[in-house]
2 protein chains.
Amino acid sequence: MFDRLKSSLERLLPLTRDEFVYFVTLLTSRKLAKHEFFLRAGEVGREIAFINQGCLRYYYLKDGNEFNGQFFFEGSWIGDYQSFLTGRPSIQYFDALEDSALLVMQYHDLQKLYTELPKFERFGRVLAENVVIGSQRRTASLLFDTPEERYLKLIQERPKVVERIPLHHIASYLGIKPESLSRIRKRLADSR
Amino acid sequence: MFDRLKSSLERLLPLTRDEFVYFVTLLTSRKLAKHEFFLRAGEVGREIAFINQGCLRYYYLKDGNEFNGQFFFEGSWIGDYQSFLTGRPSIQYFDALEDSALLVMQYHDLQKLYTELPKFERFGRVLAENVVIGSQRRTASLLFDTPEERYLKLIQERPKVVERIPLHHIASYLGIKPESLSRIRKRLADSR
DNA sequence: GATATTTCTTAACTCAGGTCAAGAAAGCGG
DNA sequence: CCGCTTTCTTGACCTGAGTTAAGAAATATC
């Protein structure tokens, strides 16, 4: 039940048995069926979740069209960092792309954790850093990589995405239409 | 000398005279002539700077081409947040677009400040939040706004950028070529 | 197991942005 | 104040992504 969480945490900071157990008491388990929401735009997302099993994404809605911001698999933490920290409503939708199992932590429980076990500040800091690094990498790629380059990088760097997620969602993530991704795939297949 | 800094800080947290004076002792003044660098890709940027006067940008270099990430004017803080926090080399170039005057704070001085005057943690937190919010807004806009929409939003939301920064830099920020921005401007001028 | 839905591809056409080339205008540096 | 650089625009042509429409194949649903 908590194996994945344990090894994930231990990559960040060494924990005694008691510390880990305490951490776990702050979590609640939650199942999401495919297509169920973790958070909707307009809501305040004062919780973050460890994905124990499954896959989620967040997306923006503009003129009725979805634009995928990011995909998350088991082993990573998900949540609207902005909303979580500031208490303001989210502008993103978070939903499950597969049946998923989450371990959810509330904002005030995390704050309590920081106070009672300051070594967990490191956990919070690394989480925040990862958000910044991920977001800036994504911006850079959208700014100067072509859609084809973005697709090739995705295959290279995150093969799981290409394996488990429908192509129309990947197209949206790359900033193009499904038809264009089809053409890119054909181009690549023909040229080798 | 410190008026702009003072009013900028006071928007975040109320300070006594002594606290502000202490903050100021941690800063060193630095002038940058137009085109001078604040930080180069490959270097570790263990300092952040308050822009007292002038304008800076950061950009990425790919295949010999510059891609502008963001512009900063007097009153804002600049630095490579990733490099600053993690101590790893930057992948961005920071340079001055006008003759500029900075107030520079070193990483270890900021850490000292957090320890000695914990109320400044708020300062650090808000700085970090702004980085995340800015980066995510930018990603979203690159993902689903057209270049023309991005240009119109820029005029609306950040008129200073359009007034003070050459169009070829703005084009690069929008993710297009100068010629394309010229055409967009013509299109807009013709259609009204 | 039949039907509906989701997923993915292909084709024809349009259009915005890239590329290459050129030149005008403004600003700067000596 | 003269020449050089920077800034900005325009035109012709090319290319890749959007749009619309259709259909095939795989999955889900009852």
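This report describes the chain symmetry, the nonpolar cores and one helix pair of a predicted model.

**Symmetry.** Two copies of a chain are related by a rotation about an axis and a shift along it. Here, chain B is superposed on chain A by a rotation of 180° with 0.0 Å of shift along the axis, at an RMSD of 0.0 Å. That is the relation of a two-fold axis. Within chain B, the residue that comes closest to the rotation axis is Thr139(B), whose C-alpha lies at 2.5 Å. Because 100% of the interface residues of chain B are also interface residues in chain A, the copies meet through the same surface.

**Nonpolar cores.** Two separate cores are summarised below.

| Core | Residues in core | Members include |
|---|---|---|
| Largest | 34 residues | Phe38(A), Ala49(A), Ile51(A), Leu56(A) |
| Second | 33 residues | Leu39(B), Phe50(B), Ile78(B), Tyr93(B) |

In the largest core, Ile78(A) and Phe94(A) are also among the residues that touch the most other members. Strand 4 of chain A (residues 55–62) supplies the largest share of this core, 5 residues. Beyond its neighbours within four places in sequence, Ile51(A) has contacts that include Leu56(A), Phe72(A), Ile78(A) and Leu102(A).

**A helix pair in chain B.** The axes of helix 6 (residues 147–157) and helix 9 (residues 178–190) of chain B come within 10 Å and cross at roughly 75°. The two helices of chain B are therefore roughly perpendicular to each other. Helix 6 contributes Pro147(B), Glu148(B) and Tyr151(B), which meet Ser180(B), Leu181(B) and Ile184(B) of helix 9. By class, this contact has 4 nonpolar, 1 polar and 1 charged residues.

Technical notes. Residues numbered from 1 in each chain as written. Chains lettered and ligands numbered in written order. Predicted model: local features only at pLDDT ≥ 70, side-chain atom pairs only at ≥ 80, totals over all residues. Least-squares fit on C-alpha atoms with pLDDT ≥ 70 in both. Contact = placed C-beta atoms within 7 Å. Core = buried A, V, L, I, M, F, W, Y, C linked by C-beta atoms within 7 Å. Buried ≥ 20, exposed ≤ 12 C-beta atoms within 10 Å, placed from the backbone. Helix = DSSP H or I, 4+ residues; strand = E, 2+ residues; numbered from the N terminus. Axes fitted to C-alpha atoms, helices over the stretch in contact; angles between N-to-C directions. Parallel < 35°, antiparallel > 145°, perpendicular 65-115°, else oblique. Nonpolar A, V, L, I, M, F, W, Y, C, P; charged D, E, K, R; others polar.
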